[in-house]
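Biologist: I am new to this fold. Could you show me how to read it, one feature at a time?

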Amino acid sequence: MKQYGGQAFEEWLELTHRVYESRGVAWVSKNPIPSKFVRGRDGVRLVPTHKALPDYSGVLPGGRGVFFEAKSTQNKDRWTPPADREHQYDYLKQAHKYGCYAFYLLRWYAHDQVRLYPMGYSRSEATWNIPGPYREMVLVRNEGFPVLEDGGICDWLGFLYRQDAQDKKAAMG
């Protein structure tokens, strides 16, 4: 997990998702950015045509959806999302409202760890909400849930299943 950069994190997640699919536990893919080529004075460039979905989406056995943003940072303790990505935050909130897993997955390079920030989970009431509104959102490293490396994969799904089991156990008293 020592490589730096967003692309290295994406490649690690791609490996993770191939392993999940081969095990039959999830089908997850990276969402493309809708774009087109535009010719201008500076030559041809790729320009987004409309707002993109969150970085990843997929489905688990039984049909439950999963949507998440995967980001990385060199910062030691805080991450603030780009101002032009509020639509992705809104999408995650809406997906969570309809019963999907929805979260931010953040790789903290300074600490060599990945943490998961779920929509709709609060420590104070057994539910934690990403602070809002979006423009004031800051993710703090030690407030996220650690994601374990399991056999070379970034096992975010294992965390979600463990959390569901804990929630069910707590609900039963």
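Modeller: Start with a strand pair. This is a predicted model. Strands β7 (residues 101-108) and β8 (residues 113-118) run antiparallel to each other.

Biologist: How many bridges join β7 and β8?

Modeller: Six bridges hold that pairing. For one case, take Phe103: its bridge partner in β8 is Pro118.

Biologist: What sits in the loop between β7 and β8?

Modeller: Asp112 is placed there. Look at its backbone: phi of Asp112 is near 55°. That is a positive value in a residue other than glycine.

Biologist: Is Asp112 buried, partly exposed or exposed?

Modeller: Read the relative accessibility. For Asp112 it is 28%, so the residue counts as partly exposed.

Biologist: Now the whole sheet. In what order do the strands lie?

Modeller: Trace the sheet from one edge to the other. The order is β1-β4-β5-β7-β8-β10. These six strands form an open sheet with mixed pairing.

Biologist: Which strands stand at the edges?

Modeller: They are β1 (27-30) and β10 (145-147). Each has a single partner strand, so one side of each is left without a neighbour in the sheet. From one strand to the next, the twist averages 30°.

Biologist: Which strands does helix α1 touch?

Modeller: Helix α1 (residues 6-23) packs on the sheet and touches β1, β4 (56-59), β5 (65-73), β7 and β8. The directions of α1 and β5 make an angle of about 150°. Next, find helix α3 (residues 156-172). This helix lies across β1, β5, β7, β8 and β10. Its direction is at about 130° to β7.

Biologist: How do I read a nonpolar core?

Modeller: Begin with the general idea. In soluble globular proteins, nonpolar side chains tend to be buried together. Here the largest nonpolar core has 27 residues. Phe9, Leu13, Phe68, Phe103, Leu105 and Trp156 touch the most other members.

Biologist: Which elements give two or more residues to this core?

Modeller: They are α1, β5, β7, β8, β10, β12 (153-154) and α3. The largest share, six residues, comes from α1.

Biologist: Pick one core residue. What is Leu105 in contact with?

Modeller: Set aside its neighbours within four places in sequence. Leu105 then has contacts that include Phe9, Leu13, Phe68, Val114, Leu116, Val147, Cys154 and Trp156. Another core lies apart from the largest one. That other core has twelve residues, among them Trp79, Ala95, Ala102 and Met119.

Biologist: Back to the sheet. Is Tyr56 buried or exposed?

Modeller: Tyr56 belongs to strand β4. Its relative accessible area is 2%, so Tyr56 is buried. Beyond neighbours within four places in sequence, Tyr56 is in contact with residues including Glu10, His17, Val28 and Phe68.

Biologist: How far apart are Tyr56 and Val28?

Modeller: Compare sequence with space. They are 28 residues apart in sequence, and 6.8 Å apart from C-alpha to C-alpha. For the chain, take contacts between residues at least 6 apart in sequence: 64% of these join residues at least 24 apart.

Biologist: Last, the largest pocket. Which residues lie nearest its centre?

Modeller: Ile33, Ala52, Asp55, Arg85 and Gln88 do. They belong to a lining of 21 residues. About 340 Å³ of space lies in this pocket. In its lining, α1, β5 and α2 (86-97) each supply at least two residues.

Biologist: And how many helices and strands are in the chain?

Modeller: Three helices and twelve strands. Of the 173 residues, 40% are buried.

How values were computed. Residues are numbered from 1 along each chain as its sequence is written. This is a predicted model: local features need pLDDT of at least 70, side-chain atom pairs count only at pLDDT 80 or more; totals for chains, interfaces and linings use all residues. Side-chain values use heavy atoms; hydrogens and water are left out. Two strands pair if DSSP finds at least two bridges between them. Helices (H or I, at least four residues) and strands (E, at least two) are DSSP runs, numbered from the N terminus. Axes are lines fitted to C-alpha atoms, for helices over the stretch in contact, and angles run from 0 to 180 degrees between N-to-C directions. Contact means heavy atoms within 4.5 Å. A nonpolar core is a set of buried Ala, Val, Leu, Ile, Met, Phe, Trp, Tyr and Cys residues joined through side-chain atoms within 4.5 Å. Buried means under 20% relative accessible area, exposed over 50%, partly exposed in between (1.4 Å probe, protein chains only). On a 1 Å grid over the protein atoms alone, a cavity is a set of points where a 1.4 Å probe fits but cannot get out, and a pocket is an open set with protein on both sides within 12 Å along at least five of seven lines; lining residues have an atom within 4 Å of a point. Grid points are joined across faces, edges and corners, and a volume is the space filled by probe spheres set on the points.
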